[in-house]
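Here is a note for a colleague who is opening this entry for the first time. Please read the points below with the sequence and the model side by side.

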Amino acid sequence: MTRQAASNPPSAEPLTLVLSRQDSARLLALPDCIDAVEEAFRLHAAGMTVPPAVLGVHLPMGGIHIKTAGLTGDRPLFAAKINANLPGNPERHGLPTIQGVIVLFNTENGLPLAVLDSIEITSRRTAAATAVAAKYLARPDARTVTVCGCGEQGRSQLRALALVRELRTVFAYDQAVDRAERYAEEMAAELGLEVLPVRDLRAATLDSDVCVACTTARRFILERSQIAPGSFIAGVGADHPEKQELDPALLASSTVVADHLEQCATIGDLHHAIDAGLMSREDVHAELAEIVAGRKPGRRSAEEIIVFDSTGTALQDVAAAALVYHKAVAGGFGLPVALGSASPPSATRVPA
């Protein structure tokens, strides 16, 4: 979709830019996304955001969540994302697990600036948050990574980590062995790294500096006995109360950093540790925003085990969507639509 997105003269009707998945994939470079997400966390620590909020609805085959947040300051923006998360979609329907839209608003006048497909933005902003966390929390000499979950998010996670650490070896683990093998072959060719499919998860994680879990697990897959001293662990998959990737005892014995404390305590791996009586909110070391802003320390020793509970916030969505939108306007991408036209066209019949 590459129709020119011209700016509006004062007399013109306000236009909303519709941007496809292909548009976002072309415009949202991962290094730029990491920078934008890091800045969003910094702004949040400075009180220059509309705090993130989330509403989740369970469905028989998965769920739908709505996440919102905004940025204040020179360019006041607000984003609302509606995502369907149906893990069985690829096998049942040949569709992505996650599908949805993001609506980006100008909060000064309420104009919907853009409607964006959410797939690429969700994948890349999630990986970007892990990269930001790893930048501050992983050991500087971290070279070996285990990726649990070899789907599209697992690919984005590895691409992002490779931008903030000089990786050498990657262990790829998935319950579907053929998926791990395919991942290893493709990512080795793309990144020029040694990527090895593994069946023994414990052996891989004990030999790793960084472990990323990005699965749909509902029972933890990483325990304290599987983790080596000095590791950085990112729990990415737990984004509603029934999901769980990390053993509550692992969180209780580690330094925990939340992307957003209230959200993690409600829907993340943290909430399982709280429910088990092993932790409270007060036991969390920091939110990532506090560390990015320098208000709290990041890694304090080479032996410290640090867990990043990443539930995914709309702060990341609004930062990434704004980046895509501004690049689209500058480059003439997207389809301008007068959604709020005062003179709506006559109804047209859609062919059956």
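**Cysteines, cores and a buried glutamate**

1. The sulfur of cysteine 150 lies 7.6 Å from the closest cysteine sulfur, that of cysteine 214, which is too far for a bond, given that a disulfide is a pair of cysteine sulfur atoms within 2.5 Å. Cysteine 150 is also buried, with a relative accessible area of 1%, where buried means under 20% relative accessible area, exposed over 50% and partly exposed in between, with a 1.4 Å probe and protein chains only.

2. This is a predicted model, in which local features need pLDDT of at least 70 and side-chain atom pairs count only at pLDDT 80 or more, while totals for chains, interfaces and linings use all residues. Residues are numbered from 1 along each chain as its sequence is written, and side-chain values use heavy atoms, with hydrogens and water left out.

3. Cysteine 148 is buried as well, at a relative accessible area of 0%, and its sulfur is 6.5 Å from the closest cysteine sulfur, in cysteine 211, again too far for a bond. By the distance rule, the count of disulfides comes to zero.

4. The protein has twelve helices and 15 strands, taken as DSSP runs numbered from the N terminus (helices H or I, at least four residues; strands E, at least two). Its radius of gyration is 21 Å, close to the 20 Å that the globule rule gives for 352 residues, so the protein is as compact as a globular protein of that length; the radius is taken over C-alpha atoms, and the rule is 2.2 Å times the number of residues to the power 0.38.

5. Of the 352 residues, 55% count as buried. The largest nonpolar core, meaning a set of buried Ala, Val, Leu, Ile, Met, Phe, Trp, Tyr and Cys residues joined through side-chain atoms within 4.5 Å, has 72 residues, and those with the most contacts inside it are Leu104, Leu116 and Phe232. A second, separate core of 24 residues includes Leu201, Cys264, Ala265 and Leu270.

6. Glutamate 245 deserves a look, in the loop between strand 11 (232–235) and helix 8 (248–252). Glutamate 245 is buried yet has no salt bridge, and the nearest side chain of opposite charge, lysine 243, is 8.0 Å away; a salt bridge is a side-chain nitrogen of Lys or Arg within 4 Å of a carboxyl oxygen of Asp or Glu, and Lys and Arg count as positive and Asp and Glu as negative, with His and the chain ends not counted.
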